[in-house]
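Look at the sequence and the fold together. The paragraphs below go from the whole chain to single residues.

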Amino acid sequence: MILISCSHCHKVYEKDDYSDFTCSKCNHKVTKRVKNSLQISLALTICAMFLYIPSMIYPMMVITQFGVNLESTIIEGIIQFLEHGSYFVAIVILVASVAIPMIKLAGLFFIFLSLRVNVKMNNKTKVLIYKYIEAIGKWSMIDIYVVALLASIVQLDEIFSIKGGVAATSFALMVICTIIAANKFDTRIIWDE
């Protein structure tokens with residue numbers, strides 16, 4: 001006998017094999033593994049990697065001050081905060097906008113690669129890496145919140161205004177792709193040998 005639980009309502013069933021069936025409680029389809037979980041997560045991670053490049057190259061914010069547009073990328077913003085002595089803000093932006101997305105992308109790629117290539121690592125460690133990636137995933141959105149907040153508050157037409165740049169859209173999409181990739185990945189695949 002095999003015990004299988006519905007991922008939707010968590011009702012437990014005793015079955016003879018891992019064949020798919022419909023939950024009698026919530027009518028949800030119960031399967032052994034999420035179909036194409038690895039492929040979908042990998043595709044979203046690759047998409048996020050390609051979105052990360054324009055988010056670092058193009059301006060995150062466009063500030064209009066007395067009719068003059070000032071554009072700054074994430075790195076330029078960090079440098080400006082450092083020049084003005086705002087070290088804490090610079091470190092927060094560096095960690096949330098540069099380090100965390102790179103750690104997430106590298107961690108996801110490492111997990112996907114370790115499933116195809118024989119890596120000398122315990123499966124528990126792979127799951128811990130995945131849980132860490134999933135936990136830090138949402139903290140990258142702090143930049144988007146700041147840009148959205150500033151853009152909604154500071155609007156004085158041509159005297160002074162702030163708008164989100166191309167990088168803000170690309171960065172938000174990149175964070176969303178990595179969050180969905182992490183959530184869509186079925187960690188039980190790690191234990192399949």
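The radius of gyration of the chain is 22 Å, whereas a compact globule of 193 residues would have one near 16 Å. The model in view is predicted. Along its principal axes, the C-alpha trace spans about 75 × 40 × 25 Å. The secondary structure consists of seven helices and eight strands.

Next come the surface and the contacts. About 11,900 Å² of the chain is accessible surface, and carbon and sulfur atoms hold 65% of that area. Among the 193 residues, 38% count as buried. Of the contacts with a separation of 6 or more, 62% join residues that are 24 or more positions apart. The chain carries 17 positive and 14 negative charges, and the mean positions of these two sets lie 12 Å apart.

Two loop residues deserve a look for their backbone angles. Most residues other than glycine have a negative phi. His-10 is not a glycine, yet its phi is positive, at about 70°. This residue sits in the loop that runs between β1 (2–5) and β2 (12–15). Is His-10 buried or exposed? Its relative accessible area is 57%, so His-10 is exposed, the cut-off being over 50%. Asn-27 also has a positive phi, near 60°, and is a residue other than glycine. Its loop is the one between β3 (21–22) and β4 (29–30). Asn-27 has a relative accessibility of 63% and therefore counts as exposed.

Now turn to helix α1, residues 37–57. How far apart should its ends be? The helix has 21 residues, and at 1.5 Å a residue it should span 30 Å. The C-alpha atoms at its ends are 31 Å apart, which agrees with that expectation. The buried residues of α1 include Ser-37, Leu-38, Leu-44, Ala-48, Leu-51, Tyr-52 and Met-56. Which elements cover these buried residues? The cover includes α2 (74–83), α3 (87–116), α6 (166–184) and α7 (188–191).

One residue of α1 can be followed in detail. Thr-45 is found in this helix. With a relative accessible area of 0%, Thr-45 is buried, because buried means under 20%. Leaving aside residues up to four places away in sequence, Thr-45 touches Leu-105, Leu-108, Phe-109, Phe-112 and Ala-181.

The last two examples compare separation along the chain with distance in space. Ile-75 belongs to helix α2. Its relative accessibility is 38%, so Ile-75 counts as partly exposed. Ala-90 is 15 residues away from Ile-75 in sequence, and the C-alpha atoms of the two are 9.5 Å apart in space. Val-92 has its place in helix α3. This residue counts as partly exposed too, since its relative accessibility is 30%, a value in between the limits of 20% and 50%. Where Val-92 and Ile-142 are concerned, 50 residues separate them along the chain, but 9.3 Å separates their C-alpha atoms.

How values were computed: Residues are numbered from 1 along each chain as its sequence is written. This is a predicted model: local features need pLDDT of at least 70, side-chain atom pairs count only at pLDDT 80 or more; totals for chains, interfaces and linings use all residues. Side-chain values use heavy atoms; hydrogens and water are left out. Helices (H or I, at least four residues) and strands (E, at least two) are DSSP runs, numbered from the N terminus. The radius of gyration is taken over C-alpha atoms; the globule rule is 2.2 Å times the number of residues to the power 0.38. Buried means under 20% relative accessible area, exposed over 50%, partly exposed in between (1.4 Å probe, protein chains only). Contact means heavy atoms within 4.5 Å. Accessible areas come from the Shrake-Rupley method with a 1.4 Å probe; for residues, only the protein chains shown count as cover. Lys and Arg count as positive and Asp and Glu as negative; His and the chain ends are not counted. The place of a charge is taken as NZ of Lys, CZ of Arg, CG of Asp or CD of Glu. The expected span of a helix is 1.5 Å times one less than its number of residues.
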